[in-house]
Amino acid sequence: MDSDNADDVQAGLDSVEAELEVVKLQIAELLEKQASLTSKRKQLLRRLEEPCDSTQASGSGPAMTKQELLRYENDDFSWSTELEQNLKDVFQLSTFRPLQLKAINLSMSGKDLFLVMPTGRGKSLCYQLPAVCSEGFTLVVTPLVSLMEDQLMYLKSIDVEAVSLNASSSKEHAKMVLAEMTDSKAPFKLLYVTPEKIAKSKLLMSRLEKAYNAGRLSRIAVDEVHCCSQWGHDFRPDYKLLGILKRQFPKVPLLGLTATATGSVLKDCQKILCVPEPITLTASFNRTNLYYEVRLKDSNSDDSVSDISALIKERYKDQSGIVYVFSQKDAETVSADLQGKGVNASPYHANMNPEDKSQVHRKWATNKIQVVVATVAFGMGIDKADVRFVIHHTISKSIENYYQESGRAGRDDKPADCIVYFGFNDIFRISTMVVMENVGQQKLLTMVDYCQNVDRCRRSVIAVHFDEVWDDEGCNEMCDVCRHGNDYITVDITQHAKDVVQIVELAGSLDEKLTPLKVTEAWMGKGPAKRRKMIQTTTLSRLEVEAIITSLLLQGYLSEDFSFTPYTTYFYLKLGGKAPLLKNQSHSITMKMRRTGLDANTVKVSQVKTKEGKRSGDNAANSPVTKKVKRDL
Ligand code: ADP
Ligand code: MG
Ligand code: ZN
């Protein structure tokens, strides 16, 4: 390319980048507008005294109005007494969770239904309980044999008869199941199959046909229903063939379940499954009882463990919780540190032997251990209702992961806290870990953005991430941003960006790679004297420097540069796609920062006081770590 041509391309790129910037701002504005309109609409609806759904859930579907749907929250159906009884006696549960009763009543009434509900909230009960309360059996399509086995084990433990057919079923077993399908004396209530079986086994289809004609096929549940759609994230070709079920058995109600499906994915599933007019129930991602908070970790003196132990001994005295850490080594050391400070903690990670693991789990479940200091290996099968706090000693690798891990708090719907410690260096520790994952970096940056954010409600960040329409009223000051209000300032960091970019550029020209730590130190004037003379150093505090570098990474002025050796992966910073924009005189960059200067702090203390009545009045802005941030930028 000649240089004129290159200039043209560069100019074109600049203008596209600038336009993208504008679009991004417009999107942010529109999202805000959407939130405020949604909340206005709700107020107006309330004034009309139209009974509308709670913030927990919304129902839709062409065949039914909201008022009609409301009826299904009642317990005056012919099957209601039996449902209650079996919920308590068989499933040993005392109450329904949001949307469960509605979904079950709809399905018991013979309606086709899509149920969208976050993982761990109890979708399975919505077909297991109807199965127990209906004649004949429920057909459950599940994508994974392991999921099937989990459910069979659970059902066995509560004495509900269930069987399965999959590729590893023995001939005898399959023969018995197929025979029992049409036997009115057959004991099983649920039949689990993989989609492959439906697609490939003519014998199974013909037995289902017979069972249907004999009135023994009471319900069809399609778990992880988003697998039908190519637009979803887990497309499974065999799910495409499940339309045969509704075509062959039109009178049997179908229940599709998923944790993650946007409207367009559901539309697609509806078409593929040949469900004419399903009702869609969507549980909100909003866990109203959880308080979300981000605390900053200081790279100079990481006293997060002292902070955590103080929290556990004071605010969470005698309460159960989890501390999630980055690595197995961290699990051991953080646990030992906490023990040293008098906390009843135990480590948990994948590398422990199975007996030790189950012992820790058991002791924690029975409150003999207060805190488990765990890697994400502590997840599967964790179902303790009264977890009052989930503290992340290190950020999660994505918002999805964070939502799931922190979501183990407050399953009993009572208040609980989700606190994450956000440290600059942790970003790069995780980055090198997820480097091989498809879109791993991108997902990590969503988590970093969640933490770095100071002006948007934490819930709204999560909701927007999950494609949910957010309503400003939905938080109720149950996150640090909402509780402590607009305590941030917008600062122009254009000059800072130029200084940092110059440092990275200079290193590049010297054939040198800089780690984030090196960039930080160079900018703060701690690098070699030779370099100090060639760059513009800063007097900003370390936390400010780290926040700015993080922001430049998030905004694409810097980007990651990995280098691999057989033993380890190194993380360096290089110029990002937007760095050339800084050459443009009129280009400016801003970022929002927490305002935590001394004077601002005085104001905040009084704000906190007025809100003392609530739980978790403490916040990061008052922690010793962030007090160090100066205001004058
Ligand atoms: P999902 O499929 O939505 O991810 P599951 O059906 O596997 O969730 O349920 C997760 C956990 O929630 C299970 O351990 C289940 O026993 C529990 N659970 C379901 N419904 C209730 C309820 N009404 N009350 C208490 N626990 C429940
Ligand atoms: Mg499930
Ligand atoms: Zn909020």
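This passage describes a zinc site, the surroundings of a second ligand and two individual residues in a predicted model.

In the predicted model, the zinc ion (ligand 3) is held by protein donors that are the SG atoms of Cys-457, Cys-475, Cys-479 and Cys-482, which lie 2.3 to 2.4 Å from the ion. The angles subtended by the four donor atoms around the zinc ion run from 103 to 116 degrees, and the arrangement is therefore tetrahedral. Along the chain, the donors of this ion follow the spacing C-x17-C-x3-C-x2-C. Within this set, the pair Cys-457 and Cys-479 links distant parts of the chain, the two residues being 22 residues apart. Cys-457 belongs to the loop between helix H17 (440-452) and helix H18 (458-465), whereas Cys-479 belongs to the loop between H18 and helix H19 (480-483). Both Cys-457 and Cys-479 are buried.

Around ligand 1 there are 13 residues, of which Thr-95, Gly-120, Lys-123, Ser-124 and Asp-383 come nearest. By residue class, the shell around this ligand divides into three nonpolar, six polar and four charged residues. Nitrogen atoms of ligand 1 take part in several polar contacts, including one in which a backbone N or O atom of Thr-95 lies 2.7 Å from a nitrogen atom of the ligand. Side chains contribute as well: a polar side-chain atom of Gln-100 is placed 2.9 Å from a nitrogen atom of ligand 1, and a polar side-chain atom of Arg-97 is placed 3.1 Å from a nitrogen atom of ligand 1. Taken alone, ligand 1 exposes 570 Å², and the protein buries 73% of that area.

Two further residues were examined individually. Asn-105 is located in helix H4, which spans residues 100-108. With a relative accessible area of 0%, Asn-105 falls under the 20% limit and is therefore classed as buried. The side chain of Asn-105 reaches the backbone oxygen of Tyr-72 at a distance of 2.9 Å. Glu-505, for its part, is found in helix H20, formed by residues 494-509. The relative accessible area of Glu-505 is 35%, so this residue is classed as partly exposed, a class that lies between the limits of 20% and 50%. Glu-505 and Trp-364 are separated by 141 residues in sequence and, from C-alpha to C-alpha, by 52 Å in space.

Notes
Residues numbered from 1 in each chain as written. Chains lettered and ligands numbered in written order. Predicted model: local features only at pLDDT ≥ 70, side-chain atom pairs only at ≥ 80, totals over all residues. Heavy atoms only, no water. Donors = N, O, S within 2.8 Å, 3.2 Å for Na, K, Ca; no water. Tetrahedral: all angles 85-135°; square planar, octahedral: opposite > 155°, others 65-115°. Helix = DSSP H or I, 4+ residues; strand = E, 2+ residues; numbered from the N terminus. Buried < 20%, exposed > 50% of the residue type's maximum accessible area, 1.4 Å probe, protein only. Near = heavy atom within 4 Å. Polar contact = N/O pair within 3.5 Å; in protein donor to acceptor, adjacent residues only side chain to side chain. Areas by Shrake-Rupley, 256 points an atom, 1.4 Å probe, with all protein chains shown as cover. Nonpolar A, V, L, I, M, F, W, Y, C, P; charged D, E, K, R; others polar.
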